[in-house]
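Dear colleague,

I am handing over the structure we spoke about, with some notes on what was found in it. Please have it open while you read.

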Amino acid sequence: MITIPYLTAVSTYFSYGLLFAFGQLRDYSRLIFDWWRTNNLQGYAPICLAHEDFYIRRLYHRIQDCFGRPISSAPDAWIDVVERVSDDNNKTLKRTTKTSRCLNLGSYNYLGFGSFDEYCTPRVIESLKKFSASTCSSRVDAGTTSVHAELEDCVAKYVGQPAAVVFGMGYATNSAIIPVLIGKGGLIISDSLNHTSIVNGARGSGATIRVFQHNTPGHLEKVLKEQIAEGQPRTHRPWKKIIVVVEGIYSMEGEICHLPEIVSICKKYKAYVYLDEAHSIGAIGKTGRGVCELLGVDTSDVDIMMGTFTKSFGSCGGYIAGSKDLIQYLKHQCPAHLYATSISTPSATQIISAIKVILGEDGSNRGAQKLARIRENSNFFRAELQKMGFEVLGDNDSPVMPIMLYNPAKIPAFSRECLRENVSFSCFS
């Protein structure tokens, strides 16, 4: 991680403090001038309190033109961004008929499968004609087709696990699976910078949650030692189950997980390993099989492998791969499998086709070329940004490259200038 210069940190905190102070002043002023206005909802509790949407009203609205820009094309290397205008100081934005052709630096479409592909797209269209756009049913009712079975076999073989189960939404894969895997009396040890879907899944499980310092195996071992020695809260009984949750590539930091060390520690203390490969599967490794292939970790040492299809495969949904017993259990217990509409068949066909291209089963070497290109482009782009003086997080080979701006005034200025130069990227504050 980058160490923030002292002056930069002070100026950033000062800027946010100033924004907060003026925002509070405006809120108090509004209370004074609006107290006499009649309220048609007398007796009702307010749906939103002033402090609950303070950030949206006083900070986000000032720069909301930098977020949620409508796109009128496929998520390819170049995209058409719809221009918007505001006549009320950014409170509302109106779409125009004009578009800007922009270089796309903010998409998850790592390998380019999100747009037209000569192998994938014709097969997706045929699947759409045969199966329609949706199954209109959950997997256990009438939502399992031959394509779903093929997809699960394809994913299991690709990631190197005995079996797999797929879901229609990547975020729901973590948030719905973790509560099924562990509950009260169990212990989840989570990386401090894990994705929100993992955080929400852990909170919904009822298990005890402990956090270790981001990507620091030494601190993980310390936490494991302490928790095993102490046992469950109050009773001090042994934990029913311990699961360590990490990501292959951290989505906001671009760092690659120290997986070999973490797996070794989990083996030593008999803890299960849950690996989220949302950003690493299909993007790193010689054949795109993710962080295990990149770092030489045997997939049999990872108990639960999770990933999404929204990045490298240009589709939607997520998967869990592991032992046959685990997958069979999840199919009988997970609400996302039992009640949610299954992944659409055209989307499933897109994933199968993309995996075949990556592995060269389409009869070409385009998959290998795509993997080599994303690695070379990522490393070149990172190096050039650093030469220009930008502070860039993450590791080499990672397709995620966060640029640190710090000061809140720089965020809209940088975003708007990039748009003027026909460059589109994801902005977070």
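Which strands does helix H4 (residues 146-159) lie across, and at about what angle does H4 run to S3? Helix H4 lies across S3, strand S8 (304-308) and S9, and runs at about 125 degrees to S3. Helices (H or I, at least four residues) and strands (E, at least two) are DSSP runs numbered from the N terminus, contact means heavy atoms within 4.5 Å, and axes are lines fitted to C-alpha atoms, for helices over the stretch in contact, with angles from 0 to 180 degrees between N-to-C directions.

Before going further, please note that this is a predicted model, in which local features need pLDDT of at least 70 and side-chain atom pairs count only at pLDDT 80 or more, while totals for chains, interfaces and linings use all residues. Residues are numbered from 1 along each chain as its sequence is written, and side-chain values use heavy atoms, with hydrogens and water left out.

The sheet beneath these remarks is an open one of seven strands, ordered S3-S9-S8-S7-S6-S4-S5 with mixed pairing, where two strands pair if DSSP finds at least two bridges between them. Its edge strands, each pairing on one side only, are S3 (163-167) and S5 (208-212), and neighbouring strands are turned against each other by 20 degrees on average, direction ignored. S3 pairs with S9 (residues 318-322) in the antiparallel sense over five bridges, with Ile320 in S9 as the bridge partner of Val165. Helix H7 (residues 217-230) lies across S4 (186-191), S5 and S6 (241-247), running at about 150 degrees to S5.

As for helix packing, H5 (residues 170-181) and H10 (residues 324-333) pack at an angle of about 105 degrees, with their axes 11 Å apart. That makes H5 roughly perpendicular to H10, a term that covers 65 to 115 degrees. Ile177, Val180 and Leu181 in H5 meet Leu326, Tyr329, Leu330 and Gln333 in H10.

The largest nonpolar core has 60 residues, and those with the most contacts inside it are Ile189, Val244, Val246, Leu259 and Phe313. Such a core is a set of buried Ala, Val, Leu, Ile, Met, Phe, Trp, Tyr and Cys residues joined through side-chain atoms within 4.5 Å, buried meaning under 20% relative accessible area (1.4 Å probe, protein chains only). Apart from it lies another core, of 24 residues, among them Ala176, Ile188, Ala207 and Ile327.

With best wishes

Key:
Buried < 20%, exposed > 50% of the residue type's maximum accessible area, 1.4 Å probe, protein only. Parallel < 35°, antiparallel > 145°, perpendicular 65-115°, else oblique.
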